[in-house]
Amino acid sequence: MKPKRQRLTLILLGMLALAGATALVLTAFEDNLVFFYSPSDIQAEPPPEGRNLRVGGLVLEGSVEKLADGAVRFTLSDTANELPVVFAGILPDLFREGQGIVAEGRFGPEGVFHAEEVLAKHDENYMPPEVAEALKKSGEWQRGQEPEQGQ
C-alpha cells in the first residue's frame, strides 16, 4: 500500500472513530437530560411516558392529601391548567399549599405524575426560576415585584 493511501485510510478510520464516540456521548446526554414542563405545557403536548422530567407550578389550595400507603397526592397548577402529582417520600419542610415547587419524576400510565423528588422554595420571596417563567409566560404572574431567582 502506498503511503498516500495509507494516510487516507488512517484519516478515514479516525473520522469514523470520532463519529462513533460523538454518537455515544450524545446518546448518553439524551438519557440524562431532564426537561422542565409547566402544567400548560403538558396539556398542550404530553411528554413521552417513562421519560424523566421536571414539572413546576403552585400547589393548589386544598389539594394536599395523605394516602393510606404514606404517599402524598397534590395538584400542581400554573393557574391555567392543573396536574395531579403523587409523591412517596418525605416532603421538604417548606412545602405547603399555595407555594411554588418543582417536582422531578415520571408520568405513569394513568396520567398522574409520580414524583421522585420535590423541591420547595426557601423563603417567602423565592420561586423556582422555571415556575416564575412559566407563570409569566402564561400571563398569570400577579406579584408586584420580580421573584428572587435561585441557583
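1. A contact, as the word is used in this note, means heavy atoms within 4.5 Å. With that in mind, the predicted model can be introduced through helix 3, residues 129–137, where Val131, Ala132, Ala134 and Leu135 are buried. These four residues cover an arc of only 165° around the axis, which puts them on the same side of helix 3. An α-helix has 3.6 residues a turn, so residues three or four places apart point the same way. What covers the buried residues of helix 3 includes strand 1 (35–37), strand 2 (53–59) and strand 6 (100–107). Just after helix 3, the chain reaches Gly139, which takes a positive phi of about 80°.

2. For a reader new to the chain as a whole, the inventory is 3 helices and 7 strands, and the order of these elements from the N terminus on is α-β-α-β-β-β-β-β-β-α. Of the 151 residues in the chain, 32% are buried. Among the contacts in the chain with a separation of 6 or more, 49% are accounted for by residues 24 or more positions apart.

3. Two of the strands that help to cover helix 3, strand 2 and strand 6, also appear in the next point, which concerns charged side chains. The structure holds 1 salt bridge, formed by Glu104 with Arg54, whose closest N and O atoms are 3.1 Å apart. This pair links distant parts of the chain, since Glu104 belongs to strand 6 and Arg54 to strand 2, with their positions 50 residues apart in the numbering. Which of the two partners is buried, and which partly exposed? Glu104 is the buried one, because its relative accessible area is 15% and the cut-off for burial is under 20%. Arg54, at 28% relative accessibility, counts as partly exposed. As general background, side chains of opposite charge can pair when their charged atoms come close.

4. The last point is the largest pocket, which has a volume of about 180 Å³. It is lined by 13 residues, and of these Ile42, Pro46, Leu83, Phe107 and Gly111 lie nearest its centre. Helix 2 (39–44) and strand 5 (82–87) each supply at least two residues of this lining. By residue class, the lining of the largest pocket divides into 8 nonpolar, 3 polar and 2 charged residues.

Note on methods: Residues are numbered from 1 along each chain as its sequence is written. This is a predicted model: local features need pLDDT of at least 70, side-chain atom pairs count only at pLDDT 80 or more; totals for chains, interfaces and linings use all residues. Side-chain values use heavy atoms; hydrogens and water are left out. On a 1 Å grid over the protein atoms alone, a cavity is a set of points where a 1.4 Å probe fits but cannot get out, and a pocket is an open set with protein on both sides within 12 Å along at least five of seven lines; lining residues have an atom within 4 Å of a point. Grid points are joined across faces, edges and corners, and a volume is the space filled by probe spheres set on the points. Ala, Val, Leu, Ile, Met, Phe, Trp, Tyr, Cys and Pro count as nonpolar, Asp, Glu, Lys and Arg as charged, and the others, Gly among them, as polar. Buried means under 20% relative accessible area, exposed over 50%, partly exposed in between (1.4 Å probe, protein chains only). The arc is that of the directions from the helix axis to the C-beta atoms. A salt bridge is a side-chain nitrogen of Lys or Arg within 4 Å of a carboxyl oxygen of Asp or Glu.
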